[in-house]
Amino acid sequence: MLSALIWLPVIGAAIIGFFPGEVPAARIRKAAIAISSLILLWTLFLFTRFDLSAPGMQMSEFFTWIPTLGLNYRLGVDGLSLPLVALTNLLTLVVVFSSDSRSITSIPLKRPRLFYALVLTISAGMAGALLAQNLLLFFLFYEIELIPFYLLIVIWGSEKREYAAIKFLIYTAVSGILILAAFLALNWLTGASSFDYTDIQTQGLSQRTQLILLTLMLVGFGIKIPLVPLHTWLPDAYVESSASTAILLGGVLAKLGTYGLVRFCLGLFPETWSLVTPGLSILAAVCVLYGAMAAIAQKDIKRMVAYSSIGHMGYVLLGTAALTPLAMVGAVSQMISHGLILALLFYLVGVIEEKVGTRDLDVLNGLLNPIRGLPLTSALLILAGMASAGIPGMAGFVAEFLVFQGSYSAFPLPTLLCIAGTALTAVYFVILLNRTCFGKLSNYTAYYPKVTLLEQAPALVLTALIIWLGVQPTWLVRWSETTTTAIVAATPLSESRRIALQPVLKVSELKAPAIVSVNP
């Protein structure tokens with residue numbers, strides 16, 4: 001059942017890329033949409049087979065691959081990986097659907113066969129990495145993402161795409177080297193018979209050795225997230241990419257870093273993790289404040305959204321550092337809500353750039369004009385900004401509230417600084433919306449091309465999901481609550497601290513009115 005999530009997109013990419021003869025671009029797009037839809041439907045089917053009460057791996061698959069290397073084909077899914085797989089496949093469908101001449105990429109789409117094959121390959125690699133229960137298998141899927149993203153940036157990017165692609169390639173290559181070094185050292189030092197996750201037991205290693213290996217993983221996954229000061233590849237890669245590629249970079253690839261943070265850094269080093277959490281909480285506050293202040297200083301709305309991503313990923317780091325049940329489930333919820341909101345923002349920015357021809361805040365004005373502007377796009381942009389700023393009733397608020405509620409008892413000062421970061425988030429989105437949507441269009445400005453309902457369909461779907469998950473938060477948290485609670489319970493803490501870190505309320509009892517009422 002899990003292998004289908006990997007091999008369906010691989011087979012689809014092979015068919016699209018190597019089908020003989022000349023095939024019209026429209027037919028290629030329809031085939032890619034059909035394959036992406038099938039993958040998403042299969043993912044939704046897995047939700048119906050998922051046992052919410054089981055904290056461990058489900059639907060496991062295994063066969064011996066290369067025993068001399070300790071490489072086994074072992075797959076499994078739990079409450080941490082299943083929501084991220086669903087997010088990946090949803091955004092893959094959004095990108096495939098929107099990547100035609102009527103939407104947010106170049107007109108017409110260059111080399112459509114290669115484009116759709118690369119997007120499906122990324123979907124397969126992400127699914128493989130999120131489902132892999134063998135460290136070496138995870139690394140293989142982790143590295144598969146590198147070349148497709150490089151090609152997406154360098155072929156379909158903007159003016160400085162070569163520079164951004166090379167920078168992305170170097171950073172992510174270093175990330176992979178550090179993670180592979182840590183995995184190899186783990187296998188050698190522990191004497192494990194394979195790289196299977198369950199075979200790696202770090203308890204016998206000295207604390208110093210564990211700290212060194214944990215640091216290697218933190219830096220490796222920190223580049224992918226990215227965390228300050230490992231973030232310098234992000235603004236260039238996001239801005240120079242097409243809107244479709246930016247959706248995959250921010251909504252999909254970055255989650256591979258936060259997933260690795262929880263699955264491998266915390267999961268393999270539970271004792272040592274508690275030693276570095278004070279520093280990580282401070283780093284989280286730095287990421288949130290830096291991302292917000294850098295976004296305020298931008299004139300390019302796409303670069304502003306890119307820097308906002310750095311701050312919002314800081315909330316995930318804060319939740320994993322706090323290591324309380326509420327904070328952990330909030331961290332996973334933040335991964336999902338951030339992916340949806342960031343995808344919506346990049347999509348709308350792409351629409352504005354295509355229809356208006358600029359992303360400059362000093363030029364954009366009055367797009368909410370109902371006759372000559374882009375009224376529906378502007379309205380959705382306002383909703384996306386509100387969601388990113390954590391307005392109650394939307395998925396962003398639910399995730400951030402859970403993180404703050406769960407982390408305050410552990411790290412009050414970093415939590416308060418992160419809460420201040422949400423205020424700064426509101427500041428730069430007010431700046432963006434005020435200059436972009438409001439005001440009066442110049443009489444010399446021509447009528448902008450209309451955005452069709454078909455073009456707006458992906459944005460409408462993402463908006464509906466963001467609002468629905470904000471109104472019904474249990475649909476967001478119920479899938480990961482059991483798994484994250486088990487992760488926290490497996491981490492050794494003193495009894496006094498464990499009592500202090502107990503959640504004030506149960507996540508499973510959250511209802512929409514209660515969520516909204518805590519912040520009048």
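This tour moves through the structure stop by stop, naming what to select and what is found there.

The model is predicted, so local features are reported at pLDDT of at least 70 and side-chain atom pairs at pLDDT 80 or more, while totals for chains, interfaces and linings use all residues. Residues are numbered from 1 along each chain as its sequence is written, and side-chain values use heavy atoms, with hydrogens and water left out.

**Stop 1: helix α1**

Select I11, which is in helix α1 (residues 3–18); helices are DSSP runs of H or I with at least four residues, strands are DSSP runs of E with at least two, and both are numbered from the N terminus. With a relative accessibility of 49%, I11 counts as partly exposed; buried means under 20% relative accessible area, exposed over 50%, and partly exposed in between (1.4 Å probe, protein chains only).

Extend the selection to W7, V10, I15 and F19, which together with I11 make a nonpolar surface patch of about 490 Å². Such a patch is made of residues with over 30% relative accessible area and no salt bridge, nonpolar side chains (Val, Leu, Ile, Met, Phe, Trp, Tyr) being joined within 5 Å and like charges within 9 Å. A salt bridge here is a side-chain nitrogen of Lys or Arg within 4 Å of a carboxyl oxygen of Asp or Glu, and the areas come from the Shrake-Rupley method with a 1.4 Å probe, for residues with only the protein chains shown as cover.

Next, select S3, also placed in helix α1. S3 counts as buried at 16% relative accessibility. Leaving out residues up to four places away in sequence, S3 touches E61, Y73 and L75, where contact means heavy atoms within 4.5 Å.

**Stop 2: strands β1 and β2**

One of those contacts, Y73, leads to the strand pair. Y73 in β2 stands opposite F63. Strands β1 and β2 run antiparallel and are joined by six bridges; strands pair if DSSP finds at least two bridges between them. In strand β2 (residues 71–77), six of the seven residues are buried.

Two backbone angles merit inspection here. The hairpin of β1 and β2 has four residues between the strands, and G70 takes a positive phi near 75°. M59, in strand β1 (residues 58–66), has a positive phi near 55° although M59 is not a glycine.

**Stop 3: Y116 in helix α4**

Select Y116 in helix α4 (residues 112–131). Its relative accessible area is 1%, so Y116 is buried. Apart from neighbours within four places in sequence, Y116 is in contact with I16, I28, R29, A32, V96, S99 and L109. A distance label between the C-alpha atoms of Y116 and E145 should read 14 Å, for residues 29 apart along the chain.

**Stop 4: the aromatic rings**

The whole structure holds 24 aromatic pairs. Rings of Phe, Tyr and Trp (its six-membered ring) pair if their centres lie within 6.5 Å; planes under 30 degrees apart count as stacked, over 60 as edge-to-face and the rest as tilted. One of these pairs is Y197 and F264, edge-to-face at 6.0 Å centre to centre with 65° between the planes. Because Y197 lies in the loop between α7 and α8 and F264 in helix α10, the pair ties together parts that are 67 residues apart in sequence. Both Y197 and F264 are buried.

Add F138, Y142, F183, F221 and Y259 to the selection: ring pairs link them with Y197 and F264 into a cluster.

**Stop 5: helix α9 and the loop before it**

W233 and Y238 form another edge-to-face pair, 6.3 Å centre to centre with 75° between the planes. W233 is buried at 1% relative accessibility, and Y238 is buried at 0%. Both are among the buried residues of α9. Eight of the eight residues of helix α9 (residues 233–240) are buried, so this helix is largely enclosed by the rest of the structure. To see what covers them, display elements including α6 (146–156), α7 (161–190), α8 (207–224), α10 (243–268), α12 (301–322) and α13 (325–356).

In the loop between α8 and α9, select P226 and P229. The peptide bond from I225 to P226 is cis, with omega near -10°, and a cis bond also joins V228 and P229, with omega about 5°.

**Stop 6: L323**

Finish in the loop between α12 and α13, at L323. L323 is not a glycine, yet has a positive phi of about 60°. With a relative accessible area of 2%, L323 is buried.
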